[in-house]
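Please walk through this structure with me, taking its helices, strands and covalent link in turn.

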Amino acid sequence: MVPFMRTVLILSLAAACSDAPPPAPVARVWPVLGTTMSAAAWGADTARIGRALDAARDTADRPGPAAAVDSLRREIRRRTGIAVAADGIQEGAALDRAARVLAGVTDSALLDIGGQFLWIGPRATKRTVGIADPANSLNALATVEMRSGSVSTSSQAGGTVAVTVLAPSGLAADAWSTALLGLGCDSALALAPRLGALRVSVVCADSVRVRWTPDLDGRVLVPKH
């Protein structure tokens with residue numbers, strides 16, 4: 001398996017079609033899996049949201065069902081030939097566990113673990129995710145608009161610099177970004193549209209340029225140098 005590092009993503013949120021400032025969220029930050037998870041949630045019943053966030057925190061270190069992880073790993077191996085280690089995608093699974101606790105309790109919520117994001121809420125909210133340059137985290141290789149689900153970036157030095165995956169769940173985004181990094185941009189971008197119902201979108205940066213799958217047209221911005 002190709003060594004890689006998780007690239008920190010920079011995210012900004014703005015409510016679409018509204019000039020009013022967003023209400024203050026109920027927020028929590030806690031250590032998990034050797035990194036940090038943060039959560040910000042919005043809704044009228046702040047006391048109930050606070051209890052839900054505390055419950056989400058309590059799920060973070062608990063192992064989830066192995067069946068979903070194993071099934072996804074088998075599918076990725078079948079599609080790509082790459083073996084994704086189960087212990088390498090636990091951050092995405094932790095996001096999903098927390099999201100299940102918060103769903104139905106909050107109007108919307110934003111979860112972040114180690115630079116991977118998951119959004120719960122209306123697609124009308126604009127979420128701009130910056131894909132940091134692994135060689136210099138102060139620079140962004142590109143930005144991409146996230147409308148729902150999760151965004152995860154894996155990166156390495158040389159060859160394919162970074163692969164960002166947008167997927168419906170934290171586990172899927174984490175696992176596919178890990179696997180597609182090993183394929184290289186040409187193969188990753190060719191494969192993603194063929195995954196159909198899995199709904200995997202890709203932004204891939206190599207030493208030459210930044211490219212993305214057609215479904216992200218109009219949602220990716222590459223800074224001019």
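## Helix packing, strand pairing and a disulfide

Helix 1 and helix 3 run roughly antiparallel to each other, because their axes cross at roughly 155° and an angle over 145 degrees counts as roughly antiparallel. The model in which this arrangement appears is a predicted one. Helix 1 covers residues 46-59, and its axis comes within 8 Å of that of helix 3, with a crossing that is right-handed. On the side of helix 1 the contact involves Ala52, Leu53, Ala55, Ala56 and Thr59, which meet Arg97, Ala98, Val101 and Leu102 of helix 3.

One of these residues, Arg97, deserves a separate look. Arg97 lies in helix 3, and with a relative accessibility of 10% it counts as buried, because the cut-off for that class is under 20% relative accessible area. When its neighbours within four places in sequence are left aside, Arg97 is in contact with Thr59, Ala60, Arg62, Pro63 and Gly64. Thr59 also belongs to the set of helix 1 residues that meet helix 3.

Helix 3, which spans residues 90-102, packs against helix 4 as well, at an angle of about 165° and with the two axes 7 Å apart. That angle makes helix 3 roughly antiparallel to helix 4, and the crossing of helix 3 and helix 4 is right-handed. Here the residues of helix 3 that take part are Gln90, Glu91, Gly92, Ala93 and Asp96, and they meet Gly170, Leu171 and Asp174 in helix 4.

Helix 4 in turn packs with helix 2, where residues 66-80 of helix 2 and residues 170-183 of helix 4 form the two partners. The angle between helix 2 and helix 4 is about 25°, and their axes are 11 Å apart. Helix 2 and helix 4 are therefore roughly parallel to each other, since angles under 35 degrees fall into that class, and their crossing is right-handed. The contact draws on Ala68, Val69, Leu72, Ile76, Arg79 and Thr80 from helix 2, and on Leu171, Ala172, Ala175, Trp176, Ala179 and Leu183 from helix 4. Leu171 is thus named in the contact with helix 2 and also in the contact with helix 3.

The strands can be followed in a similar way. Strand 7, residues 125-133, and strand 8, residues 136-146, run antiparallel and are joined by 7 bridges, and the connection from strand 7 to strand 8 is a hairpin through 2 residues. Within this pair, Gly130 stands opposite Thr143 of strand 8. Strand 8 also pairs with strand 13, residues 220-221, in the antiparallel sense over 2 bridges, and in that pairing Val144 stands opposite Val220 of strand 13.

Two loop residues can be placed relative to Met146, a residue within the range of strand 8. Arg123 is found in the loop between strand 6 and strand 7, and its C-alpha atom is separated by 8.7 Å from that of Met146, although the two residues are 23 residues apart along the chain. Apart from residues up to four places away in sequence, Arg123 touches Arg147 and Ser148. Leu216, for its part, is found in the loop between strand 12 and strand 13, and although it is 70 residues from Met146 in sequence, the C-alpha to C-alpha distance between them is 9.6 Å.

How buried or exposed is Leu216? Its relative accessible area is 0%, so Leu216 is buried. Not counting residues up to four places away in sequence, Leu216 touches Val144, Leu166, Ser201, Val202 and Val203; of these, Val144 is the residue that stands opposite Val220.

The last feature is covalent. The model has 1 disulfide, which joins Cys185 to Cys204 with an S to S distance of 2.1 Å. Cys185 lies in helix 5, residues 185-191, and Cys204 in strand 11, residues 201-206, so the pair ties together parts that are 19 residues apart in sequence. The torsion about the S-S bond of Cys185 and Cys204 is about -85°, so this disulfide is left-handed. Both Cys185 and Cys204 are buried.

Notes: Residues numbered from 1 in each chain as written. Predicted model: local features only at pLDDT ≥ 70, side-chain atom pairs only at ≥ 80, totals over all residues. Heavy atoms only, no water. Pairing = 2+ DSSP bridges. Helix = DSSP H or I, 4+ residues; strand = E, 2+ residues; numbered from the N terminus. Disulfide = S-S within 2.5 Å. Buried < 20%, exposed > 50% of the residue type's maximum accessible area, 1.4 Å probe, protein only. Contact = heavy atoms within 4.5 Å. Axes fitted to C-alpha atoms, helices over the stretch in contact; angles between N-to-C directions. Parallel < 35°, antiparallel > 145°, perpendicular 65-115°, else oblique. Left-handed = near helix turned anticlockwise from the far one by under 90°.
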